[in-house]
Amino acid sequence: MRIALIAPVLTLVLSGIALAYATDAEADAALATFKKEYATKDEGLRAKAVQTLGGTQHKKIVDALAGVLQKDSTETVRTFAARALGGQWSPTAVDVLGRALKPGDPQAEKLNQAVLAALASTDSDAAVPHLTSFLKASKTDPSCSSSALSALGAIGSPKAIDDIIEVLGETKNKVIVPAAQAALASITGQQLKTADEYKTWWGVNKGKKKTVQVFRCEGTGRVFEKTEKDAKCPHDGDKNPKCGIALKTKLEAK
Ligand SMILES: [Zn+2]
């Protein structure tokens with residue numbers, strides 16, 4: 001059951017470091033500092049500059065981090081950029097991360113792992129197609145597959161169920177099978193074993209099972225569930241009645 005615990009822990013970590021969106025002026029100031037600090041051949045200092053930049057929430061910050069993720073000369077700094085992008089709330093961060101995945105490239109193993117973890121921490125449905133296509137493209141690679149599966153399990157979106165069942169049905173690998181089972185258990189709340197068992201359960205419950213909408217608070221970055229249609233954000237909904245960036249739809253527990 002370790003997988004099921006990852007999502008709330010990530011949420012706590014993210015809400016601990018990030019406070020509200022920056023204004024344009026604040027983002028420009030953070031970028032000016034970053035430019036100075038990043039202009040060095042020392043990769044440790046560049047990584048630190050990237051990490052600091054990630055502490056500010058803004059679309060412009062996502063663009064700058066995307067540039068580092070694509071172009072920095074060292075893998076270490078690129079992995080720091082991936083991690084920082086995973087902590088950005090702007091939905092564009094998800095696509096930047098998704099495009100950085102290189103399935104089937106053994107040279108990109110470390111970066112792929114960092115990007116998969118970052119996609120998990122975006123906690124969004126938008127990350128799911130990137131993760132499932134990576135999973136299908138690397139289904140003979142136990143290390144990449146199991147990381148993609150644990151990211152899908154942590155997000156918990158039912159959009160991944162069909163693809164995970166397919167992967168589970170096609171493999172007997174000792175690493176991938178338990179990873180796929182754990183991901184399905186985390187998403188569905190059902191402790192089943194085989195692809196056929198999950199297929200039967202999903203056939204009965206798809207469209208029937210109640211769902212919960214999950215949102216991110218625009219003021220605090222914290223994640224909350226809306227059980228009723230017009231429910232306000234529990235963190236600052238009195239000040240901002242429309243608060244809430246749609247993240248994902250989950251199946252109701254039990
Ligand atoms: Zn809010």
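Strands here are DSSP runs of E at least two residues long, and helices are runs of H or I of at least four, both numbered from the N terminus. With that naming, Cys217 sits in the loop between S1 and S2, and the account below comes back to this residue after a look at the model as a whole. The model is a predicted one. Its chain averages a pLDDT of 91, and 92% of the residues score at least 70. The weak spot worth flagging is the stretch of residues 1–18, where the pLDDT is below 50. Beyond near neighbours in sequence, that stretch still has 27 contacts in the model.

Turning to the interior, the largest nonpolar core takes in 64 residues, and Leu65, Leu85 and Ile164 have the most contacts inside it. Helix H7, residues 109–122, supplies the largest share of this core, with eight residues. As for Leu65, its contacts beyond four places in sequence are Val50, Leu53, Gly54, Ala81, Ala84 and Leu85. Apart from the 64-residue core lies another one, of seven residues, with Val214, Val223, Cys233 and Cys243 among them.

H7 deserves a paragraph of its own. The helix is mostly covered, with 11 of its 14 residues buried. Among the buried ones are Leu111, Asn112, Ala114 and Val115, and the run from Leu116 through Ala117, Ala118, Leu119, Ala120 and Ser121 to Thr122 is buried too. Its length also checks out: at 1.5 Å a residue, the 14 residues should span 20 Å, and the end C-alpha atoms are indeed 20 Å apart. Right after H7 comes Asp123, placed in the loop between H7 and helix H8 (128–137). The phi of Asp123 is near 60°, a positive value in a residue other than glycine. Asp123 has 24 C-beta neighbours inside 10 Å and therefore counts as buried, the cut-off being 20 or more.

Another loop residue, Asp42, gives the opposite reading. Asp42 lies between helix H2 (24–38) and helix H3 (43–53). With just 9 C-beta neighbours inside 10 Å, Asp42 counts as exposed, since exposed residues are those with 12 or fewer. Asp42 and Tyr21 are 21 residues apart along the chain, and 30 Å separates their C-alpha atoms.

The strands come next. Three of them make an open sheet in the order S2-S1-S3, with antiparallel pairing. Strand S2 (223–226) and strand S3 (245–251) stand at the edges, and each has a single partner strand, so one side of each is left without a neighbour in the sheet. On average, neighbouring strands are turned by 30° against each other, direction ignored.

Strand S1, residues 211–216, pairs with S3 over six bridges in the antiparallel sense. Within that pairing, Val214 has Lys248 as its bridge partner, while Phe215 stands opposite Ala246. S1 is joined to S2 by four bridges, again antiparallel. Here Gln213 is bridged to Lys226, and Phe215 has Phe224 as its partner in S2. Phe215 thus has a partner in S3, Ala246, as well as one in S2, Phe224. In a regular strand, side chains alternate between the two faces of the sheet.

The hairpin of S1 and S2 has six residues between its strands, and among them Gly221 takes a positive phi near 80°. Cys217 belongs to this loop between S1 and S2. Is Cys217 buried or exposed? It has 21 C-beta neighbours inside 10 Å, so Cys217 counts as buried. Leaving aside neighbours within four places in sequence, Cys217 is in contact with Arg222, Phe224, Cys233, His235, Asp236, Cys243 and Gly244. Of these, Cys233 and Cys243 also belong to the seven-residue core. Relative to H7, Cys217 and Ala118 are 99 residues apart in sequence, with 19 Å between their C-alpha atoms.

Note on methods
Residues are numbered from 1 along each chain as its sequence is written. A nonpolar core is a set of buried Ala, Val, Leu, Ile, Met, Phe, Trp, Tyr and Cys residues joined through C-beta atoms within 7 Å. Two residues are in contact if their C-beta atoms, placed from the backbone, lie within 7 Å. Two strands pair if DSSP finds at least two bridges between them. Axes are lines fitted to C-alpha atoms, for helices over the stretch in contact, and angles run from 0 to 180 degrees between N-to-C directions. The expected span of a helix is 1.5 Å times one less than its number of residues. pLDDT is the predictor's confidence in each residue, from 0 to 100.
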